[in-house]
Amino acid sequence: MTQVCLVGGDCDIRYELLSRETARRALSTYDLAEPYTNTLVLTTVSLGAAVSLLNDLNWYLVRFASDALVREPSISDEEWLSRPLAEAVRDGRVTPDETGYAYKIYGIDGDSLTEPTFSTESDHEDGLVVRITEAAFDG
């Protein structure tokens, strides 16, 4: 099962998504959790379903989310993929073994995520590790 994590921007992501009919309908079949303040996590059946859901929610994500992450257990049980990297894997432009060179690491402060830092090392035990594209790392 593939997980999706939506990280809110300057607003309450849960409220903003669930207060809009189209987004609410797209999310209605999922159990939503909030493991960190201003995040939403849900589980889909596959990487393709996760990317499709993010595409369906794109209008809202551009306005209300600061990040959209995907965790695919066939790639890693602990690390997340950025949305662009998840799309590249789904589309076959990147193989799963080519995904672990650049990272964005969110610190965890209590129940909140802190501003991310960038690294080429993934061993950050007390952070949320996100594999990103080389373009996002160099960007």
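Here is a chat about how some labels on this predicted model are earned.

Reader: Let's start with R131. Why is R131 called buried?

Author: Buried means under 20% relative accessible area. R131 comes out at 13%, so the label buried applies. As for its place, R131 sits in strand β7, residues 127–131.

Reader: What makes R131 and E79 a salt bridge?

Author: The rule asks for a side-chain nitrogen of Lys or Arg within 4 Å of a carboxyl oxygen of Asp or Glu. For R131 and E79, the closest N and O atoms are 2.4 Å apart, so the pair meets the rule. Both R131 and E79 are buried.

Reader: Why do you say that this pair ties together parts of the chain?

Author: R131 belongs to strand β7, whereas E79 belongs to the loop between β3 and β4 (80–82), so the pair ties together parts that are 52 residues apart in sequence.

Reader: What makes the link between R131 and T99 a polar contact?

Author: The cut-off for the N or O atoms is 3.5 Å. The side chains of R131 and T99 are joined at 2.6 Å, so they fall within it. Leaving aside residues up to four places away in sequence, R131 also touches others, including I75, W80, L81, P96 and Y103.

Reader: How many salt bridges are there in the whole structure?

Author: Seven turn up in the search. Among them is R20 with E16, at 2.7 Å from N to O. With the limit at 4 Å, that pair qualifies, so it is called a salt bridge.

Reader: Are R20 and E16 buried or partly exposed, and why?

Author: They get separate labels. E16 has a relative accessible area of 14%, so it is buried. R20 has 27%, and since partly exposed covers values between 20% and 50%, R20 goes there.

Reader: What about K104 and D67: how do you know that they form a salt bridge?

Author: Their side chains meet at 2.6 Å, N to O. That is within 4 Å, so the name fits. The pair links distant parts of the chain, with K104 in strand β5 (residues 103–109) and D67 in strand β3 (residues 65–71), 37 residues apart. K104 counts as buried because its relative accessibility is 13%, and D67 is buried because its value is 11%.

Reader: Which residues are linked in a network of salt bridges?

Author: R90, D91 and R93 are linked that way.

Reader: Now the rings. How many aromatic pairs does the structure hold?

Author: One. W59 and Y60 form it, with 5.0 Å from centre to centre and 75 degrees between the planes.

Reader: Why is the pair of W59 and Y60 called edge-to-face?

Author: Ring centres have to lie within 6.5 Å, and planes over 60 degrees apart count as edge-to-face. At 5.0 Å and 75 degrees, W59 and Y60 pass on both counts, so the name holds. Y60 counts as buried because its relative accessibility is 10%, while W59, at 47%, counts as partly exposed.

Reader: What is notable about the phi of N38?

Author: N38 has a positive phi of about 60 degrees although it is not a glycine. N38 is found in the loop between α2 (21–27) and β2 (39–44). With 17% relative accessibility, N38 counts as buried, because the cut-off is 20%.

Reader: Which residues of helix α5 are buried, and what covers them?

Author: In α5 (residues 83–91), the buried ones are R83, L85, A86, A88 and V89. Their cover includes α3 (47–56), α4 (58–64), β3, β4 and β7. After α5 comes G92, with a positive phi near 80 degrees.

Reader: On to the sheet. What makes β2 and β6 edge strands?

Author: The sheet is open, has seven strands with mixed pairing, and runs in the order β2-β1-β3-β4-β7-β5-β6. β2 and β6 (112–119) each pair on one side only, and that makes them the edge strands.

Reader: How do you know that β1 and β3 pair?

Author: Pairing takes at least two bridges. Strand β1 (residues 2–8) and β3 share six, in the antiparallel sense, so they pair. V7 stands opposite D67 in β3. Helix α3 packs on the sheet, touching β1, β2 and β3, and its direction makes about 25 degrees with that of β1. Helix α5 also packs on the sheet, touching β3, β4 and β7, with its direction at about 90 degrees to that of β4.

Notes
Residues numbered from 1 in each chain as written. Predicted model: local features only at pLDDT ≥ 70, side-chain atom pairs only at ≥ 80, totals over all residues. Heavy atoms only, no water. Helix = DSSP H or I, 4+ residues; strand = E, 2+ residues; numbered from the N terminus. Buried < 20%, exposed > 50% of the residue type's maximum accessible area, 1.4 Å probe, protein only. Polar contact = N/O pair within 3.5 Å; in protein donor to acceptor, adjacent residues only side chain to side chain. Contact = heavy atoms within 4.5 Å. Phe/Tyr/Trp six-rings, centres within 6.5 Å; stacked < 30°, edge-to-face > 60°. Axes fitted to C-alpha atoms, helices over the stretch in contact; angles between N-to-C directions.
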